[in-house]
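Got your viewer ready? Load the model, pick a cartoon view, and follow along stop by stop.

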Amino acid sequence: DAAGVLTFSGSAAEATDWLNGLRFSAAHTELGQTAVQTRITVAVDALDPVRIDVTVTPTNDPARAADGTLAVEEGASSTVIGRGALNAIDPEVGPAGTQTTQQLVYAVTAMPQHGYLLLNGQRLGVDSVFTQADVDAGRLVYVHTGSGTTQNTPDGFRVRLNDGATPDALSDDVNVAITITPVNLLPSDGGSCIVYEGQPQNAPT
């Protein structure tokens with residue numbers, strides 16, 4: 001009922017079967033690294049109540065991140081990659097947990113095709129790593145290098161996210177899609193010619 005009390009009426013054998021069929025399931029509430037205890041009391045008519053102490057031990061929750069997007073101007077020398085593109089979520093990070101964003105590590109698994117990534121000014125490659133703290137601090141940027149027929153071609157990269165306490169096979173794969181915004185360039189022309197001394201004004205050159 002609303003008070004958390006379960007009742008059963010029947011024979012002793014039936015009551016035993018009923019009790020054996022009960023299962024305790026902990027609520028999915030973030031505990032950090034602190035175990036909590038609760039108590040289950042079983043009362044049978046004419047008998048003293050039986051109390052069962054239950055300890056709920058915290059376990060690690062894998063970090064997760066949804067696929068992200070990044071808008072970049074054509075030819076941009078650098079565009080900061082922020083939480084709009086990479087936003088790791090981990091219940092252990094924050095007031096209730098004991099981990100920090102420095103422990104949420106991304107490993108590059110596929111590079112952009114029409115640009116490259118920089119971390120603190122250093123170029124990244126496949127298997128390079130950075131953290132959510134790097135993203136939050138604006139240390140990760142994308143440089144667009146597309147030109148000619150690829151100057152407005154969409155780009156992207158892929159990373160694998162892990163919190164350091166999750167088996168590698170359970171890491172989260174994250175794709176970041178990059179859209180390139182065209183920039184209008186003013187037309188220009190140029191050329192050269194040779195004019196000889198004494199040449200008539202309308203003579204071809």
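Start with the whole chain in view and think about how the contacts are spread. Among contacts with a separation of 6 or more, 61% are between residues 24 or more positions apart. Keep in mind as you go that this is a predicted model.

Now colour by secondary structure. You should find 2 helices and 11 strands. Walk along the sequence and the pattern reads α-β-β-β-β-β-β-β-β-α-β-β-β. Next, switch on the surface for a moment: the chain exposes about 13600 Å², and carbon and sulfur atoms supply 52% of that area. Of the 205 residues, 29% count as buried.

**Stop one: the open sheet**

Hide the surface and select β4, β9, β6 and β7. These 4 strands form an open sheet in just that order, with antiparallel pairing. Which strands stand at the edges? They are β4 (79–80) and β7 (122–123); each has a single partner strand, so one side of each is left without a neighbour in the sheet. As background, strands of a sheet pair through backbone hydrogen bonds, either parallel or antiparallel.

Zoom in on β9 (140–144). On one side, β4 pairs with β9 in the antiparallel sense over 2 bridges. The join between β6 and β9 has 5 bridges, and these strands also run antiparallel. Click on Y142 in β9 and look across at the partner strands: T79 stands opposite Y142, and L117 stands opposite Y142 too.

Stay with β9 and show its side chains. Which way do they point? L140, Y142 and H144 go one way, while V141 and V143 go the other. In general, side chains of a regular strand alternate between the two faces of the sheet. Is β9 mostly covered or open? Mostly covered: 5 of its 5 residues are buried.

**Stop two: a histidine in a loop**

Select H114, in the loop between β5 and β6. Is H114 buried or exposed? Its relative accessibility is 17%, so H114 counts as buried, the cut-off being under 20%. Now show what surrounds H114. Setting aside neighbours within four places in sequence, its contacts include Y142, V143 and H144, which you have just met in β9. The list also takes in T145, G146, T150, T153, P154 and D155.

**Stop three: the nonpolar core**

Time to go inside. The largest nonpolar core has 27 residues. To find the ones with the most contacts inside this core, select I81, L86, Y106, F130, Y142, F157 and V159. Several strands give two or more residues to the core: β3 (68–73), β5 (105–110), β6 (115–119), β9 (140–144), β10 (155–162) and β11 (172–181). Which of them supplies the largest share? That is β11, with 4 residues.

Centre the view on F130. Beyond its neighbours within four places in sequence, F130 is in contact with L86, L104, V105, Y106, V108, L119, L124, V135, L140 and V159. Pick out Y106 from that group, as it leads to the next stop.

**Stop four: rings**

The structure holds 1 aromatic pair. Select Y106 and F130 and look at the rings: their centres are 5.2 Å apart and their planes are at 25 degrees, so the pair is stacked. Y106 lies in β5 and F130 in β8 (residues 129–131), so the pair ties together parts that are 24 residues apart in sequence. Both Y106 and F130 are buried.

There is another ring to visit. Select Y116 and R123: the charged end of R123 sits over the ring of Y116, 3.9 Å from its centre.

**Last stop: two loop residues with positive phi**

Finish with a look at the backbone. N120 is in the loop between β6 and β7, and its phi is near 55 degrees, a positive value in a residue other than glycine. What about its cover? N120 is exposed, with a relative accessible area of 53%.

Then move to D127, in the loop between β7 and β8. D127 is not a glycine, yet has a positive phi of about 80 degrees. Its relative accessible area is 63%, so D127 is exposed.

Note on methods. Residues numbered from 1 in each chain as written. Predicted model: local features only at pLDDT ≥ 70, side-chain atom pairs only at ≥ 80, totals over all residues. Heavy atoms only, no water. Core = buried A, V, L, I, M, F, W, Y, C linked by side-chain atoms within 4.5 Å. Buried < 20%, exposed > 50% of the residue type's maximum accessible area, 1.4 Å probe, protein only. Contact = heavy atoms within 4.5 Å. Phe/Tyr/Trp six-rings, centres within 6.5 Å; stacked < 30°, edge-to-face > 60°. Lys NZ or Arg CZ within 6 Å of the ring centre and 35° of its normal. Areas by Shrake-Rupley, 256 points an atom, 1.4 Å probe, with all protein chains shown as cover. Pairing = 2+ DSSP bridges.
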